[in-house]
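Me: I'm new to this structure and would like a close look at a single part. Please pick the sheet and walk me through it from one side to the other, without hurrying.

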Amino acid sequence: MSSRLESARLVLTPLQFTDANDLHQAVRESLADLKEQFIWAEEPFTIRNAQTIVQESIANQRDGKLISYGIRSKTGRFMGTLTLKEAPDMLGRKVPMHHVEIWIRSPDKAQGYTSEALQVATDAALKSGESRRLFTMLKAGDATAAAYQQAGYQQEATLKNACLASDGSVLSVTLLAKTV
């Protein structure tokens, strides 16, 4: 898959050390929204947390198991991240598949950036042959599901009582996927 992906309004490039400051600022600005979706989104979110995320992302990219893209507008504004993580082969069938996670900076939500970034990354991953199945799991009722569906993902299941929220309550999870 290409290291640089572009859409009409966005540029996606693998996270680099130079992204840590922009990542830090965007996460701090979006922390309230991110806390429910990502375990790493905790207060206080420091520059060191951002540097660690970038460092781990770069290390994982080297072995090909994960790639985290920084999402920027064409004007250079850091918008969020999109991660493709190789899913383990639990059934011994060797179908290449990846778990997809995305977040867009809170002030930039509801402007179509999520579906646009998903579309360009999904198309590249499936066309490259590196993945035959892309999937995500979202809290049931999560508004982000609409962006995945706009990018061609279909709801496959709802897993009842599948995860714990940060407050300890039990949540159901929606599984969405797109295949070749």
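Reply: Let's begin with what pairing means: two strands pair if DSSP finds at least two bridges between them. Strands (E, at least two residues) and helices (H or I, at least four residues) are themselves DSSP runs, numbered from the N terminus. What you're looking at is a predicted model, where local features need pLDDT of at least 70 and side-chain atom pairs count only at pLDDT 80 or more, while totals for chains, interfaces and linings use all residues. Residues are numbered from 1 along each chain as its sequence is written, and side-chain values use heavy atoms, with hydrogens and water left out.

A quick look at the whole chain helps before we zoom in. There are four helices and eight strands, and reading along the sequence gives you β-β-α-α-β-β-β-α-β-α-β-β. The chain has a radius of gyration of 16 Å (taken over C-alpha atoms), close to the 16 Å from the globule rule for 180 residues, so it is as compact as a globular protein of that length. That rule is 2.2 Å times the number of residues to the power 0.38. The C-alpha trace spans about 40 × 40 × 30 Å along its principal axes. Of the 180 residues, 45% are buried, where buried means under 20% relative accessible area, exposed means over 50%, and partly exposed is in between (1.4 Å probe, protein chains only).

Now for the sheet. Eight strands make up an open sheet with mixed pairing, in the order 1-2-3-4-5-6-8-7. Strand 1 (5-6) and strand 7 (154-164) are at the edges with a single partner strand each, so one side of each has no neighbour in the sheet.

Start at the strand 1 edge. Strand 1 and strand 2 are antiparallel and share two bridges, and a hairpin of three residues links strand 1 to strand 2. One pair to look for here is glutamate 6 with its bridge partner in strand 2, valine 11.

Just before strand 1 you'll find serine 3, which is partly exposed at 48% relative accessibility. Leaving out neighbours within four places in sequence, serine 3 is in contact (heavy atoms within 4.5 Å) with Leu12, Thr13, Pro14 and Tyr69. Serine 3 and tyrosine 69 are 66 residues apart along the chain, yet 8.7 Å separates their C-alpha atoms. Over the whole chain, among contacts between residues at least 6 apart in sequence, 62% join residues at least 24 apart.

Strand 2 (residues 10-14) deserves a pause. Five of its five residues are buried, so the rest of the structure largely encloses strand 2. In a regular strand, side chains alternate between the two faces of the sheet. Here both faces are covered, with Leu10, Leu12 and Pro14 buried on one side and Val11 and Thr13 buried on the other. On the way to strand 3 (residues 66-73), strand 2 makes five bridges, and those two strands run antiparallel. Threonine 13 has glycine 70 as its bridge partner in strand 3.

Further along the order, strand 4 (residues 78-86) and strand 5 (residues 97-104) run antiparallel and are joined by seven bridges. Try finding threonine 81, whose bridge partner in strand 5 is tryptophan 103. That tryptophan also links up with a helix residue: serine 30 touches Trp103, Arg105 and Ser106, not counting residues up to four places away in sequence. Serine 30 belongs to helix 1 (residues 20-34) and is buried, with a relative accessible area of 1%.

Now head for the other edge. Strand 6 (residues 133-139) is joined to strand 8 by seven bridges, and these two are antiparallel. Threonine 136 faces leucine 176 of strand 8 across that pairing. Leu138 takes part in another encounter, being touched by threonine 144, as is Thr114, again not counting residues up to four places away in sequence. You'll find threonine 144 in helix 4 (residues 144-150), and it is buried too, with a relative accessible area of 16%.

Strand 8 (residues 170-179) is mostly covered, with seven of its 10 residues buried. Strand 7 and strand 8 pair in the antiparallel sense, over seven bridges, and leucine 159 has valine 173 as its bridge partner in strand 8. That brings you to strand 7, which sits at an edge with its single partner strand.
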